[in-house]
Amino acid sequence: MIASRMALLQHVCSVPLPRFVRRRPLSSIAATAVAAPSPRVSVTTPSNSRSPNIDPHALLGMTEQDLQQLAVEFGQQSYRGKQLHHLLYKRKVKDIEDFSQLPQAFRNGLREAGWKVGRSPIYRTVTAADGTVKLLIKLEDNRLIETVGIPVEDENGSMRLTACVSSQVGCPLRCSFCATGKGGFSRNLKRHEIVEQVLAIEEIFKHRVTNVVFMGMGEPMLNLKSVLEAHRCLNKDVQIGQRMITISTVGVPNTIKKLASHKLQSTLAVSLHAPNQKLRETIVPSAKSYPLDALMKDCRDYFQETSRRVSFEYALLAGVNDKVEHATELAELLHEWGRGYHVNLIPFNPIEGSEFRRPYKKAMLAFAGALESRKITVSIRQTRGLDASAACGQLRNEFQKDPLITESDSSESQPDLAVAC
Ligand code: SF4
């Protein structure tokens, strides 16, 4: 497909292309990334063949070195690549036409060869009373993804701004309480589509993002290659410290080991949601192919390999997994597999059509107390932006009922709108 695109470009392009066509593939970018695993879970993942993970024409996500090489291949001096890097990641320019520091011929060449920055329009913004902002970003193929910006002022008055980013359009894992899972799965995000979410949050808040959590739509471990590439870019190019980045997973066989081999200094957050296999399978269907013992062993190995402790996420569902007995069992499980684990309790955010309810505060405090009395550190996550469709996937579902790509989809088609905007 790329070859035919190149053939077409040679007819219309006013700059010589041969070196560009021959240029080293962006392998250096992917050199440290691992291949996206095929999920060994009992879900159907549609073929992603029409959505390759690396878009060779998106500048966003490229390293300074690759941008320098690109400049040279367009007949420019390599320092033009440094300027490109500055424009993308410091000035955060969204359109090649606005790269006014670069020669017009270089800009024309890039555009005519099909290059773009890789920033998508913001389709919808919803702001909650507490300042949380949820964005719907409209991708090139008209799919909508959610990104959330969460501002928190610390005791010194400075703002911590967390971007909660999506890694997939939808999610194939269908956890029973999750709005994203209910909405189905379309495709993996490309690396620039992950990075651009952080830049969109910065644009909306006019403030630097200080923290990134991969806790939006999708299971990051099913798109590990792009997630690692985006992580590299966010750390090295956007300059967000590795320790300020959290990668979350519900557990996909063989992927925690792969992540550990990269020895990132980021936090791994594992969504447990239950203290035993039987209950977990009812909440997280994909757990059937990844027994709890195997998951806990991988978490212990992750700590040994990276020296970074895993934190555990636990969504509290009233009457399902929120009893003191569950907390006691959870504490035993964690003590069996290590020391010093931290548990984040997440009160369930009610979603339309869900059979689950949010627990009463008293139940949450009793659960937390039972963990603390067994020397497990615990925090109850403050629910942010309830009035902004805060549950992951909830807002997207309001606007796009069917995220599945069909043969008739084209980049010209309009999203299936449930609500006029
Ligand atoms: S909770 Fe996470 S892994 Fe589960 S369906 Fe939702 S997005 Fe997917």
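**Exercise 1. The ligand shell**

Task: Determine how many residues surround the ligand in this predicted model, and which of them are closest.

Solution. Step 1: The shell around the ligand consists of 12 residues. Step 2: The closest of these are Cys171, Leu173, Cys175, Cys178 and Gly181. Step 3: Sorted by character, the shell comprises seven nonpolar, three polar and two charged residues.

**Exercise 2. The overall fold**

Task: State how many helices and strands the chain has, and what share of its residues count as buried.

Solution. Step 1: The chain contains 15 helices and 12 strands. Step 2: Its length is 421 residues, of which 43% count as buried. Step 3: Consider the contacts between residues at least 6 apart in sequence; 71% of them join residues at least 24 apart.

**Exercise 3. The largest nonpolar core**

Task: Identify the residues with the most contacts inside the largest nonpolar core, and explain why this core lies between domain 1 and domain 2.

Solution. Step 1: The largest nonpolar core has 100 residues, and those with the most contacts inside it are Val195, Val198, Leu234 and Leu371. Step 2: Residues of this core come from both domain 1 (2–33 + 51–112) and domain 2 (122–399), and therefore the core lies between them. Step 3: As background, nonpolar side chains in soluble globular proteins tend to be buried together. Step 4: Val195 serves as an example: beyond its neighbours within four places in sequence, Val195 is in contact with Leu60, Gly61, Ala230, Cys233, Leu234 and Val238.

**Exercise 4. Helix α8**

Task: Compare the span of helix α8 with the expected value, then establish which residues of α8 are buried and which elements they pack against.

Solution. Step 1: Helix α8 covers residues 191–205, 15 residues in total. From first to last C-alpha it reaches 22 Å, close to the 21 Å expected at 1.5 Å a residue. Step 2: Because 11 of its 15 residues are buried, α8 is largely enclosed by the rest of the structure. Step 3: The buried residues are Arg191, His192, Glu193, Ile194, Val195, Glu196, Gln197, Val198, Leu199, Ala200 and Ile201. Step 4: Their packing partners are the strands β1 (122–127), β2 (133–138), β3 (144–153), β4 (159–164) and β7 (211–214), together with helix α9 (224–236). Step 5: After the helix comes Lys206, with a positive phi near 50°.

**Exercise 5. Helix α4 and Gln83**

Task: List the buried residues of helix α4, and decide whether Gln83 is buried, partly exposed or exposed.

Solution. Step 1: In helix α4 (residues 64–73), the buried residues are Asp66, Leu67, Gln68, Leu70, Ala71 and Glu73. Step 2: Gly75, which follows α4, has a positive phi near 80°. Step 3: Gln83 belongs to helix α5 (residues 79–89). Step 4: Burial requires 20 or more C-beta neighbours; Gln83 has 19 inside 10 Å and so counts as partly exposed. Step 5: The C-alpha atoms of Gln83 and Leu67 are separated by 8.9 Å, with their positions 16 residues apart along the chain taken as their distance apart. Step 6: Apart from residues up to four places away in sequence, Gln83 touches Gln101 and Leu102.

**Exercise 6. Asn223 and Lys225**

Task: Classify Asn223 and Lys225 as buried, partly exposed or exposed.

Solution. Step 1: Asn223 is placed in the loop between β7 and α9, whereas Lys225 is found in helix α9. Step 2: Asn223 counts as buried because it has 25 C-beta neighbours inside 10 Å. Step 3: Lys225 has 19 other C-beta atoms within 10 Å, so Lys225 is partly exposed. Step 4: Asn223 and Leu189 are 34 residues apart along the chain, and 7.6 Å separates their C-alpha atoms. Step 5: Lys225 and Arg191 are likewise 34 residues apart in sequence, with a C-alpha to C-alpha distance of 8.4 Å.

**Exercise 7. Positive phi outside glycine**

Task: Locate Asn254 and Lys375, and give the phi of Asn254 and of Lys375.

Solution. Step 1: Most residues other than glycine have a negative phi. Step 2: Asn254 has a positive phi, near 70°, and lies in the loop between β8 (245–249) and α10 (255–261). Step 3: With 14 other C-beta atoms within 10 Å, Asn254 is partly exposed. Step 4: Lys375 has a positive phi near 60° and sits in the loop between α14 (361–372) and β12 (377–380). Step 5: Lys375 has 12 other C-beta atoms within 10 Å and is therefore exposed.

Definitions and conventions: Residues numbered from 1 in each chain as written. Near = placed C-beta within 6 Å. Nonpolar A, V, L, I, M, F, W, Y, C, P; charged D, E, K, R; others polar. Core = buried A, V, L, I, M, F, W, Y, C linked by C-beta atoms within 7 Å. Domains from an automatic or database assignment. Contact = placed C-beta atoms within 7 Å. Helix = DSSP H or I, 4+ residues; strand = E, 2+ residues; numbered from the N terminus. Expected span 1.5 Å × (residues − 1).
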